[in-house]
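Reader: Before we discuss individual labels, please show me the structure. I would then like to ask how each label is justified.

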Amino acid sequence: MEKIVSDIPMSPPRTEYGIVTHPGYLRIRRVFEVLLIVAFAPIIVPVVAILSLIVAFDSGLPVFYFQDRPGKNGKLFKIVKFRTMRHSRVEEFKLTDDDDPRVTRCGRFLRRHRLDELPQFWNVLVGDMSLIGPRPESHFTAKEFSITVPNWNLRYAVAPGITGWQQVNQGHVNTLEDTCIRVEYDLYYIRHASFLFDCKIVFLTIMTMLKGVNSR
């Protein structure tokens, strides 16, 4: 397999992140993201409302699922998603597998087409996330990965994203080997973030949503 990130230094995690090539672009993009969400709110809000009713009818309340996840610089925030799984306190931190029995009938459809992540537009609006960036992992799993996966903490150089380079290329992962590759995708994006790169990711995201691939 072709190496994904040949020019990223394999240094240990550190507090000051120096791997973002164009921090100015990311600041400009932040303004654009807020304006974009506000402009499309008349479409986003009704869609979220309709899906909320479908989720409630299919599997009851609550409709939304909140979880602590590390964001930029490792700061915790509460991510919001449509609830797609039956609640199980015993298996709360278990990674999702293919054909996971905890996933509801409606939840399987939402996951396949990434519609469960629509409420995360709120996280973007309040500054916890970006539209594009590394996928945020649960706090519990992220602590494990920070020990077992090389350079995991370097992902915190930027805000996590609803979609990203890793998400459209690799999708969900559940092995240590795939997680190491996941980090390479994320660091490659952090190194090369640009307007054209983001446009490519948005296009691939739309194709992924329509095809319903790389989901669990």
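Author: Helices are DSSP runs of H or I with at least four residues, numbered from the N terminus. The model shown here is predicted. Just after helix 2, R114 takes a positive phi of about 65°.

Reader: What makes up the secondary structure of the protein chain, and what pattern does the chain follow?

Author: The protein chain has 7 helices and 4 strands. Along the sequence, these elements follow the pattern α-β-β-α-α-β-α-β-α-α-α.

Reader: Why is C106 called buried or exposed?

Author: The relative accessibility of C106 is 11%. Buried means under 20% relative accessible area, so C106 counts as buried.

Reader: What makes C199 buried, partly exposed or exposed?

Author: C199 has a relative accessible area of 36%. Partly exposed covers the range between the buried cut-off of under 20% and the exposed cut-off of over 50%; therefore C199 is partly exposed.

Reader: How many disulfides does a search of the whole structure find?

Author: The search finds 0 disulfides. A disulfide is a pair of cysteine sulfur atoms within 2.5 Å, so a count of 0 means that no pair in the structure meets this cut-off.

Reader: Which residues of helix 2 are buried, and how do you know where they lie around the helix?

Author: In helix 2 (residues 105-112), the buried residues are C106, G107, L110 and R111. Viewed down the axis of helix 2, they fall within an arc of 130°, so they line one face of the helix. An α-helix has 3.6 residues a turn, so residues three or four places apart point the same way.

Reader: What do the buried residues of helix 2 pack against?

Author: They pack against helix 1 (23-59) and strand 2 (76-82).

Reader: Why is L125 called buried, partly exposed or exposed?

Author: L125 is found in helix 3 (residues 120-125). At 30% relative accessibility, L125 lies between the cut-offs of 20% and 50%, so it counts as partly exposed.

Reader: Which residues does L125 touch, not counting those up to four places away in sequence?

Author: With that exclusion, L125 touches R30, V34, I37 and V38. L125 and L35 are 90 residues apart in sequence, and their C-alpha atoms are 9.1 Å apart in space.

Reader: How much of the protein chain is buried, and how much area does the chain expose?

Author: Buried residues make up 45% of the 216 residues in the protein chain. The chain exposes about 11900 Å², of which carbon and sulfur atoms supply 64%.

Technical notes. Residues numbered from 1 in each chain as written. Predicted model: local features only at pLDDT ≥ 70, side-chain atom pairs only at ≥ 80, totals over all residues. Heavy atoms only, no water. Buried < 20%, exposed > 50% of the residue type's maximum accessible area, 1.4 Å probe, protein only. Helix = DSSP H or I, 4+ residues; strand = E, 2+ residues; numbered from the N terminus. Areas by Shrake-Rupley, 256 points an atom, 1.4 Å probe, with all protein chains shown as cover. Contact = heavy atoms within 4.5 Å. Arc of directions from axis to C-beta.
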